[in-house]
Amino acid sequence: MGAQQRVFKAKINSTKSLRKIFKAMELIAASRIQKAVSRVKAASPYATALTRAVSAVATQSNVEHTLTTEPEQIRRSAVVVLGPDRGFAGAYAANVIREAEELVGLLRDSGKDVALYTVGGKAESYYTFRDRKIERSWTGFSEAPSIENAREIGETLLEAFSRDYEDGGVDEIYLAYTRYKSAVSREPEYRRLIPLEVVEAEDGSSIPQPRTELRQPSFDVDQVFPLYEFEPGAAEVLDALLPRYIDSRILAALLNASAAEQSARQQAMNTAVDNADELIKTYTRLANTARQAEITQEITEIVGGADALAASGAGD
Amino acid sequence: MALNVTVVAADRGVWSGEARRVIARTTEGEMGILPGHEPVLAIVAGGEVRIVTADGEHLTARADGGFLSVENDRVMVVADQAELVDA
């Protein structure tokens, strides 16, 4: 076998084994999408109940809570970037980081300091590579986040929120994450987490804005709430509810991001498999051409040799 | 008349169904809920929530940190962590 043929054979073999890896990753991601989506759904009753309860307290009492009141002056904002732990997901990580960078740019333009928090190894390495300061980073659960992870993030953020600006505290907190729309589409976006945005409901009362896109409320949030009796008191109830509400919002974002990550990975691997097939085809063609060329050359040599022999025999 | 009870944890629904009575411990003390109870939003102090189902069965759910809401005979027990335990 000629040298050229051997080169192509080696390329074909290595592409074939890569293709197997891509195919396996595609199948794994495809099966994990379903799991991730069902976790998003499973967490929604809790989120719905919390949204409803927080709305009820906010509607029926005039309790002022630091988490819901807009600070007079916002000097430093925290941005939490929810990215993946590993790559092999196409532009997924790059897209969410770009979205976060856009937000950071907007905040800087309005004269605010930005404190960065990251989730996932890819977001962390993006900023450490650029020598940007990260306040805190979490890794290791981007594919299967749990409520404990969300709570840990929530606690850190609330702690930063409660600190003064002079001690490095923040006045508002944003989440940049990827929203899962369907198995083939996802969208990076950012949302403000704290202070909770309060919008006017149709009945004139103010309720925290429901995040319908993260969950499917089974009831109309605008409906009039019954006159609740609060136990022990409206302020205490709100105190207990709000941190949980924030944790559940973070969890919803984490779960969405994990579903989006899996779907991005499945798509990227699907494309990789297609490309590998294409490469195998091209290399096979080239290898065939090389083999054919070799045979042609051999025939030419034999024929040429025979001709030379015949010519020299005729000369005798 | 029966209560419509739902118990949810942070990452999943735990139990839902009809019940005759729900007993929970709030920060203010034990609270028993029967059909027709006034609307209440209470902080659950942790521990057990006891449910007497429509069939007269006794269910116990361990609910850690969370709240309880009652309205129009709909009872929601929302806990960070919740699971049914054998009574």
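User: In this predicted model, what makes strand 8 of chain A and strand 4 of chain B a pair?

Analyst: Pairing requires at least two bridges between the strands. Three bridges join strand 8 of chain A to strand 4 (residues 40-53) of chain B, so the criterion of at least two is met. The two strands run parallel, and A:Glu231 stands opposite B:Ala42 of strand 4.

User: Which residues make up the contact between the chains, and of what class are those of chain A?

Analyst: Chain A gives 25 residues and chain B gives 22. On the side of chain A that touches chain B, helix 2 of chain A provides the largest share, seven residues. By class, this side has 19 nonpolar, two polar and four charged residues.

User: Why are the buried residues of helix 4 of chain A said to lie on the same side?

Analyst: The buried residues in helix 4 (residues 121-129) are A:Lys122, A:Ala123 and A:Tyr126. They cover an arc of only 100° around the axis, which puts them on the same side of the helix. Among the elements covering them are strand 1 (76-82) and helix 3 (92-109) of chain A. Just after helix 4, A:Asp131 takes a positive phi of about 60°.

User: What makes A:Leu82 part of a nonpolar core?

Analyst: Membership requires a buried residue of a listed type, Leu included, joined to others through C-beta atoms within 7 Å. A:Leu82 is among the residues with the most contacts inside the largest nonpolar core, which has 102 residues. Helix 6 (residues 234-315) of chain A supplies the largest share of this core, 19 residues. Beyond its neighbours within four places in sequence, A:Leu82 is in contact with residues including A:Val96, A:Ala176 and A:Leu254.

Definitions and conventions:
Residues numbered from 1 in each chain as written. Chains lettered and ligands numbered in written order. Predicted model: local features only at pLDDT ≥ 70, side-chain atom pairs only at ≥ 80, totals over all residues. Buried ≥ 20, exposed ≤ 12 C-beta atoms within 10 Å, placed from the backbone. Helix = DSSP H or I, 4+ residues; strand = E, 2+ residues; numbered from the N terminus. Contact = placed C-beta atoms within 7 Å. Nonpolar A, V, L, I, M, F, W, Y, C, P; charged D, E, K, R; others polar. Arc of directions from axis to C-beta.
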